[in-house]
Amino acid sequence: MTADRRWRLCDADWNHWPDGLDDQAVWAAAAAGGLEGIELGVYRADDELAPVRLERVRRLVDQTGVPVAMLLLSLPAGRWPGGALSSPATAAMVADEAGQVARAAAGFGLDTIGLWPGADAPGGAWEREAFVQGLARVAEAVAANGARVALEYKPDTAVATSVDALALCDVVPGVGVLVDTSHAYAAGEDPAEVVRLVGERLCHVHLGDAVEGGADDDLPVGRLHDFGAFTTALAEVGYAGAASFDLYGAVCAGVATGAAAVAESRAHLMGVTARP
């Protein structure tokens, strides 16, 4: 039995970075493949959201009818070796960056941005308090630009599980949860149960497959797990946002090209979902 689908099935531009595809090729592939949006990955707003790039993306949206579905601000350790949200100095920089991302999101009609705090490692009570304060600062900067934060959790980071993410939602206004199915499987979680647990605080979804402990697997959807129960859970909670493929790890590892990984993933999901 298939589950009704109200949510939009989308690609992410970073799935095609290892293959060297430019924006025009990414949008053309999404349009040809029947995808309903594209998520943009951001490391530095001045780079990925430079005015010339935004104008090019707007033209492609107009030409293809494929909208921008989400902007994801990633905070990797490579850029933030001492942690991104765990000290007032770096948190202020991230807040400025997040404000820029939120302003760009507004230009695409979006009221949510994704945030992956990958540079912040698990720590003790002092580090945790600093992280909460840093996240609150970011959420305030994003809210000032009319948006909220969808917080992405991942094992071996300061936000390692769905429970960690929900605990932060409870204490930081303007924060919801970004559920990445790869990260859920890697954390030993059942993504369907996570969706039910998160409920109305589910703000965005990333789609990929993984083994327990394989936080960077990002395998094509359906390689290891059937996603029927997951899509049923999305229907049960009434999720009507975007769900973007996040297959970067598999593409980097040579498991498949970005285009092949997306096509395989879409085929599996089309087999377990149906439009109402």
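**Notes on a predicted model**

1. Overall form. For 276 residues, a compact globule would have a radius of gyration near 19 Å, and the protein has 17 Å, which agrees. The model is a predicted one. Computed along the principal axes of the protein, so to speak on paper, the C-alpha trace spans about 45 × 40 × 35 Å. "Measured" is the wrong word there: this span, about 45 × 40 × 35 Å, is computed from the model.

2. Helices, strands and contacts. The protein has 11 helices and 10 strands. Of its 276 residues, 57% count as buried. Among contacts with a separation of 6 or more, 82% are between residues 24 or more positions apart. A student following the chain should therefore look beyond the next element in sequence for many of the contacts, given that 82% and the cut-off of heavy atoms within 4.5 Å.

3. The nonpolar cores. In soluble globular proteins, nonpolar side chains tend to be buried together. Here the largest nonpolar core has 81 residues. Those with the most contacts inside this core are Trp27, Val68, Leu115, Leu135, Val138, Leu207 and Phe245. A second, separate core has six residues, including Ala12, Trp14, Leu72 and Cys203.

4. Val68 within the core. Which residues does Val68 contact, leaving aside its neighbours within four places in sequence? They are Trp27, Ile38, Leu40, Val57, Val61, Phe108 and Leu110. Trp27, like Val68, is listed among the core residues with the most contacts.

5. The largest pocket. About 320 Å³ of space lies in this pocket. Its lining has 16 residues, and Tyr43, Trp116, Asp218, Asp246 and Tyr248 lie nearest its centre. Strand β4 (68-74) and helix α10 (248-252) each supply at least two residues of the lining. By type, the lining has seven nonpolar, four polar and five charged residues.

6. Asp218. This residue, one of those nearest the centre of the largest pocket, lies in the loop between β8 and α9. Asp218 counts as buried, because its relative accessibility is 7%. Its phi is near 50°, a positive value in a residue other than glycine.

7. The second largest pocket. This one holds about 190 Å³ of space. It is lined by 15 residues, with Asp111, Thr112, Cys203, Gly241 and Ala242 nearest its centre. β4 and β8 (202-207) each supply at least two lining residues, and β8 gives the most, with three. The lining divides into eight nonpolar, four polar and three charged residues. Cys203 has already appeared as a member of the second core.

8. Gly176. Is Gly176, at 3% relative accessibility, buried or exposed? It counts as buried, because 3% is under the 20% cut-off. Gly176 is in strand β7 (residues 175-180). Apart from residues up to four places away in sequence, Gly176 touches Val149, Ala150, Leu151, Cys169, Arg201 and Cys203. Gly176 and Gly114 are 62 residues apart in sequence, while their C-alpha atoms are 9.4 Å apart in space.

9. Arg53. Arg53 sits in helix α3 (residues 51-64). Although Arg53 is a charged residue by type, it is buried, with a relative accessible area of 9%. Not counting residues up to four places away in sequence, Arg53 touches Asp13, Asp23, Leu40 and Glu48. Leu40 is also in contact with Val68.

10. Ala25. Helix α1 (residues 23-32) contains Ala25. Ala25 counts as partly exposed, because its relative accessibility is 29%. Ala25 and Leu60 are 35 residues apart in sequence and 10.0 Å apart in space, C-alpha to C-alpha.

11. Helix α9. Which residues of helix α9 (residues 228-236) are buried? They are Gly228, Phe230, Thr231, Ala233 and Leu234. An α-helix has 3.6 residues a turn, so residues three or four places apart point the same way. Just after α9, Gly238 takes a positive phi of about 75°.

12. Asp156. Asp156 is found in the loop between β6 (148-152) and α6 (162-171). It has a positive phi of about 70° although it is not a glycine. Asp156 counts as exposed, because its relative accessibility is 69%. Asp218, by contrast, counts as buried at 7%.

Conventions. Residues numbered from 1 in each chain as written. Predicted model: local features only at pLDDT ≥ 70, side-chain atom pairs only at ≥ 80, totals over all residues. Heavy atoms only, no water. Helix = DSSP H or I, 4+ residues; strand = E, 2+ residues; numbered from the N terminus. Buried < 20%, exposed > 50% of the residue type's maximum accessible area, 1.4 Å probe, protein only. 1 Å grid on protein atoms, 1.4 Å probe; cavity = no way out; pocket = protein on both sides within 12 Å on 5 of 7 lines; lining within 4 Å. Points joined across faces, edges and corners; volume = space filled by probe spheres on them. Core = buried A, V, L, I, M, F, W, Y, C linked by side-chain atoms within 4.5 Å. Rg over C-alpha atoms; globule rule 2.2 N^0.38 Å.
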